[in-house]
Amino acid sequence: MKRVRIEITGRVQGVGCRPFVWRVAAGLRLNGWVQNDSQGVTIEAQGDSEHIDRLVEILNDASRLPPLMQVSSIRSQPIEMLSDEIDFSIRHSESDDAAEITEVSNDTAACGDCVREMKDPQDFRYRYPFINCTNCGPRYSIIRTVPYDRANTTMAAFAMCPRCGGQYGDPADRRFHAQPVACLACGPKIWLCDPLGKTIESDGDKVIVAAARMLREGRIVAIKGIGGFHLAVDAFNEQAVQRLRQRKHHDDKPFAMMAASLEIIERYAAVDAAARSLLISPQAPIVLLDQKPNPDRPIAPSVATGTRTLGLMLCYAPLHHLLFAEAGIELLVMTSANLADEPLICKNDEALNKLSGVADAFVMHDREIFRQLDDSVMHIVDGQPSFLRRARGFVPGPILGDEPASKEILACGADLKNTFCLVKGRQFILSEHIGDLEDGLVYRHYTRSIRHLRQLFDVRPQMVACDLHPGYLSTQYARSLGIKRVIPVQHHWAHIAGALAEYRCAGQVIGLVADGTGFGTDGAIWGCECLIASLVSFQRFGHLRYYPLAGGDLAAKEAIRPLMGLLADDLCEYDWLLGRIEPDAARRKMIAEQIARGVNTVPTSSLGRVFDAVAAMLGLGTANRFETQLPMALEAAADPTCDDEYPFDLAEDTEQGWLIDLRPMLRAMAADIRGENDIRRIAAAFHNTLAAAFLALARQARQHRKLDTVALSGGVFCNRLLANRLIGLLKTDGFRVLWKQQVPVNDGGIALGQAAIAAAMVRREQR
Ligand SMILES: [Zn+2]
Ligand SMILES: [Zn+2]
Ligand SMILES: [Zn+2]
């Protein structure tokens, strides 16, 4: 006989760990208890020594643990035996704050067991579209307040039937304490209605059959899911996809698609091991994959134009599984149901109000979505998963710091691709993707979300961090809160700090930033930077030589503006090229004058705008109709096998530090375009030149500052070709590279960086 104390850390709370341990321990006839605490899960077990060893062995075998559980460490030590225990029990959590936070877990895809039961005619949840268990189902999207109990979720409206209640209360059952547990008799229901809200079908099975038939016929169906509505349409039906684009107000962004199985995805896209494990993960994100050439059945061209990648995900809600099985369709476009840049629609009446001119029918249900959540979007960079948008499936999973911060902090993020971040103890709780705050409805969603998450996690910020840009709405919001300490953080420092937080890196690094825009400490718009940065301070070591950018807001849309700025010294010489992009000579002249006189013109080192300019030079378009349209087209145009580079200059300026000058590249590129060289080669050489320029800058920083760790960030690094090439060059050259894997490199990661800088400030003051 012996007694041990086992401490497990990692993602172990709210994932079914305690009932799992209870089942194993009871099966092994052990006494003792299991409990959540601020560090994770603690077990004390007493019994036959062989059985105790068996328990430890099972806990160490990842394949036997609940699917959502991720163990970082297990420590077990013998302790003194007790004589007054008679069984094994699940103890209630210590009421410390940290434990409460982790109890809110993320929404996860229907697990294999639930999908099997749903397909089993003998099971009482046969074809029930809301089947779930401890290992799967909605969580964060349905929670109103803590603690995470049914009464505090949108499932409160449904009283459990005796059968569901029996499973809920039985520690030996897979549904023990699964808050959203329900069945046909007691749980939420689906119905199909027309755009006026008139019910077409209310019997669950008939709803699925009718919706599937409409999809096969090429109609557009709005489907309420886990985090909001999708607009679904047959991805092989070009006419239908075009109709969806027109009705969505000529939305040109590539549409994401959903597939019933991995095999189907593999038919249309190249899936490597890293992408495969992402696709089948319980988080079920959209994964951007390279399109396979010439599949047997072509996907409708309008699904994604101007890119070689497809955004694909697997069915994740039980309802999706039922629809796909019924429709016999391989791929459905499943695009977020929203208008323009408004927030995702998640309420039934709102869906009818806003989408009556878009969808032909609506698959509704009566389980309210409390927090709307977009699908997360990821891709593979340097063989590792990397976020483009972090939302459903990952939020509110915290990013853990080294030491707890003694003050609670709110970081307000940036205005584009906004997320915000709350700091409590060691935990950085990054919100889901909120969107672009410029839209009034998104801004309202932003302020409400901050209030809700502060309440949910009981955070009372004593400090607020925000962007340095005084005009950002998020900055103004930060200043409006009446919190005394407002810490403005330079945008690109925050970008790099996000990587430092993720890697828990305390020292200085070389930060390479490739970004669209960020307000600089000198009032210029920064975007292509080399910073020597830590969480305490940063210096600007070098950057792209400033060029004049005319036209305010238009400068991010019309490629002619950055191009004329980049070529400002020799505009006459390039008139033949500029005329192709802006045929109106009077407009060209007006922009040239704006630049020459400095009217509505700012100096910038933006790299995003360089992409716009080069894409336009190559004839890939003249304007961004949606953000990053031209840069995406440029990446898609490049031949990834080409190693050519253009010349560039790198020299030290006494005042401005090391400056990259891309004018030699632009000159050579213009000559190539005039000579009608292959644009695939020119586009590749452009990417390669940027990677080479960043490497050269990093080498100078290494030599002068004796640093060899490089952190990368900025929205332009969402470009896989550039990121992969640069990471490869840096590693070959002996650098250690910090590439973000837990938060996006784009502005969706800014809030984490702001929060980490503020938390570091608090720690310094503590000492
Ligand atoms: Zn399940
Ligand atoms: Zn029931
Ligand atoms: Zn940025």
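# Close-up views of a predicted model

**View 1. Helix 21 of the predicted model has the span expected for its length.** Helix 21 covers residues 679-705. At 1.5 Å a residue, its 27 residues should span 39 Å, and the C-alpha atoms at its ends are 39 Å apart, so the two values agree. Just past the helix, Lys 706 adopts a positive phi of about 55°.

**View 2. Confidence along the chain.** The protein has a mean pLDDT of 94. A pLDDT of 70 or more is reached by 98% of its residues. Residues 96-100 stay under 50. For this stretch the model has 14 contacts beyond four places in sequence. Where pLDDT is low, the predicted coordinates should not be read in detail.

**View 3. An open sheet of 4 strands with mixed pairing.** The strand order is 18-17-19-20. Strand 18 (421-430) and strand 20 (485-489) each have a single partner strand, so one side of each lacks a neighbour in the sheet. On average, neighbouring strands are turned by 60° against each other, direction ignored. Strand 17 (residues 399-411) pairs with strand 18 in the antiparallel sense, over 6 bridges. In this pair, Leu 400 is set opposite Gln 427 of strand 18. Helix 23 (residues 750-766) lies across strand 17, strand 18, strand 19 (463-467) and strand 20. Its direction is at about 95° to strand 17.

**View 4. Helix 13 and its cover.** Helix 13 spans residues 473-480. Its buried residues are Leu 473, Ser 474, Thr 475, Tyr 477 and Ala 478. Among the elements that cover them are helix 12 (440-456), strand 19 and strand 20. Just after helix 13 comes Gly 482, with a positive phi of about 75°.

**View 5. Strand 21 is largely enclosed.** This strand runs over residues 509-519. Of its 11 residues, 11 are buried, so the rest of the structure largely encloses it. Strand 22 (residues 525-533) pairs with strand 21 in the antiparallel sense over 8 bridges. The two form a hairpin with 5 residues between them. In the turn, Gly 523 has a positive phi of about 85°. Strand 28 (residues 709-713) also pairs with strand 21, in the parallel sense, over 4 bridges. Ile 510 faces a residue in each partner: Ile 532 in strand 22 and Val 710 in strand 28.

**View 6. Strand 26 lies largely in the open.** Strand 26 covers residues 649-653. The number buried among its 5 residues is 0, so the strand lies largely in the open. A hairpin of 3 connecting residues leads from strand 26 to strand 27. Strand 27 (residues 657-661) and strand 26 pair in the antiparallel sense over 5 bridges. Asp 649 has Asp 661 of strand 27 as its bridge partner.

**View 7. An open sheet of 11 strands with mixed pairing.** The order is 7-6-14-8-9-13-10-12-11-15-16. Strand 7 (199-201) and strand 16 (384-389) are the edge strands, and each pairs on one side only. Neighbouring strands are turned by 35° against each other on average, direction ignored. Strand 6 (residues 190-193) runs antiparallel to strand 7, and 2 bridges join them. Here Cys 193 has Thr 199 of strand 7 as its bridge partner. Helix 6 (residues 204-216) packs on this sheet. Helix 6 touches strand 6, strand 7, strand 8 (221-224), strand 9 (229-234), strand 13 (331-336) and strand 14 (361-365). The direction of helix 6 makes about 45° with that of strand 6.

Key. Residues are numbered from 1 along each chain as its sequence is written. Chains are lettered from A and ligands numbered from 1 in the order in which they are written. This is a predicted model: local features need pLDDT of at least 70, side-chain atom pairs count only at pLDDT 80 or more; totals for chains, interfaces and linings use all residues. pLDDT is the predictor's confidence in each residue, from 0 to 100. Two residues are in contact if their C-beta atoms, placed from the backbone, lie within 7 Å. Two strands pair if DSSP finds at least two bridges between them. Axes are lines fitted to C-alpha atoms, for helices over the stretch in contact, and angles run from 0 to 180 degrees between N-to-C directions. A residue is buried if 20 or more other C-beta atoms lie within 10 Å of its own, exposed if 12 or fewer, and partly exposed in between; C-beta atoms are placed from the backbone. The expected span of a helix is 1.5 Å times one less than its number of residues.
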